[in-house]
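Thanks for coming, everyone. Let me put the model up, and then we'll walk through how its helices and chains meet.

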There are 2 protein chains.
Amino acid sequence: MDVKVLRLDHRRVRDARITTHVCLTARAFGASSVFLGGDHDKKLMENVQDVAKRWGGSFQIDYQKYWDNLLEEWKNNGGEIVHLTMYGEPVQKVVPEIRGSKKDKLVVVGASRVPTEVYQKSDWNVAVTNQPHSEVSALAIFLHLLFDGQEFYLEFDGGDIKVLPSAKGKRVLMDKEH
Amino acid sequence: MDVKVLRLDHRRVRDARITTHVCLTARAFGASSVFLGGDHDKKLMENVQDVAKRWGGSFQIDYQKYWDNLLEEWKNNGGEIVHLTMYGEPVQKVVPEIRGSKKDKLVVVGASRVPTEVYQKSDWNVAVTNQPHSEVSALAIFLHLLFDGQEFYLEFDGGDIKVLPSAKGKRVLMDKEH
């Protein structure tokens with residue numbers, strides 16, 4: 001199952017750090033790419049691509065001006081859509097069903113206001129708690145439950161940097177030959 | 001087990017939204033309070049308190065100028081310290097041990113550079129993956145694993161707003177009498 005993330009309605013200055021955290025969380029938790037909606041933020045995309053290159057793996061980020069077209073196209077290609085929203089159904093209730101369907105998943109992560117159409121076109125509207133917190137934590141928890149903890153064992157090949165787990169310090173493997 | 005969060009080295013403008021997401025994630029995932037280190041950011045603290053009041057529960061946020069004193073005091077009072085860092089040991093490996101010890105936990109969430117002393121004084125340095133992503137997602141995943149998913153069933157009493165889960169829309173219960 002391929003999992004991609006759509007970040008709706010990014011605003012260049014206001015959302016730069018949150019959207020960056022959304023993208024890096026998507027990568028670290030096993031999504032293969034992010035589509036950036038809203039402002040075309042070249043600097044953010046370059047930053048994310050730079051991290052992805054240095055840390056390995058094949059994560060992509062692409063700009064997507066027309067999110068509604070993307071939703072249509074995704075469904076026409078046989079994929080399913082999961083919209084993360086605090087108004088949705090409890091993640092712990094619906095994730096077994098979502099995991100059970102092996103179709104590719106587009107995970108939609110909103111900004112301040114999400115159009116009604118997104119709720120309607122999504123196969124699942126999923127709440128990671130019904131409390132206000134963060135699209136970053138919602139995405140992390142959703143992917144963690146979707147992949148059932150297997151994302152902890154992902155390998156990111158071909159990067160220059162690798163952290164080696166350590167109880168009390170920092171152990172980093174630098175590989176400049178790539 | 002009482003769990004509190006220490007946010008190190010908050011910078012008023014640069015970190016406002018990320019730190020807000022850290023605080024709201026702490027609340028939604030079952031921590032009882034956040035200590036804010038770094039800049040004294042009155043506006044941020046008021047925002048978080050306002051959300052906590054409207055959405056219920058007893059979450060607190062307090063300013064803590066001297067994080068090193070807090071670490072000392074926490075240990076002297078019999079608590080344990082968990083530092084979330086990408087350089088630490090895998091969360092999936094160490095969380096059973098952390099959960100097994102019933103002492104109160106202070107979860108330390110860093111900013112850009114974390115002093116060596118934090119690594120040394122922590123009982124556990126814990127990595128939520130060894131990839132770069134976000135202190136927001138690291139905190140969410142750590143608390144989710146620590147509480148073993150029970151945080152999904154938390155009740156936040158006494159607020160004015162409550163979201164009722166919904167498959168396709170928004171159902172919100174407003175209670176202005178509180």
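Helix α1 of chain A and helix α1 of chain B, each covering residues 16–28, cross at roughly 55°, and their axes come within 8 Å. That makes α1(A) and α1(B) oblique to each other. Oblique is what remains once angles under 35 degrees are called roughly parallel, over 145 roughly antiparallel, and 65 to 115 roughly perpendicular. Axes here are lines fitted to C-alpha atoms, for helices over the stretch in contact, with angles from 0 to 180 degrees between N-to-C directions. Helices are DSSP runs (H or I, at least four residues), strands likewise (E, at least two), numbered from the N terminus.

Which residues make this contact? Arg17(A), Ile18(A) and His21(A) come from α1(A), and Arg17(B), Ile18(B) and His21(B) from α1(B). Contact means heavy atoms within 4.5 Å.

A word on the model. It is predicted: local features need pLDDT of at least 70, side-chain atom pairs count only at pLDDT 80 or more, and totals for chains, interfaces and linings use all residues. Residues are numbered from 1 along each chain as written, chains are lettered from A and ligands numbered from 1 in written order, and side-chain values use heavy atoms, without hydrogens or water.

Now the whole interface. Chain A gives 50 residues to the contact, and chain B gives 50 residues. The buried area is about 4,500 Å², with 64% from carbon and sulfur atoms. Buried area is the accessible area (1.4 Å probe) that two parts lose on being put together, summed over both. In chain A, Arg17(A), Tyr87(A) and Phe152(A) lose the most area to chain B, together 15% of what that side buries.

How many salt bridges link chain A and chain B? Two. In a salt bridge, a side-chain nitrogen of Lys or Arg lies within 4 Å of a carboxyl oxygen of Asp or Glu. Arg17(A) pairs with Asp15(B) in a salt bridge, 2.6 Å from N to O.

Last, inside chain A. Helix α1 packs against helix α6 (residues 135–146) at about 10°, axes 9 Å apart. α1(A) and α6(A) are therefore roughly parallel. Among the residues that meet are Ile18(A) and His21(A) in α1(A), and Leu139(A) and Leu143(A) in α6(A).
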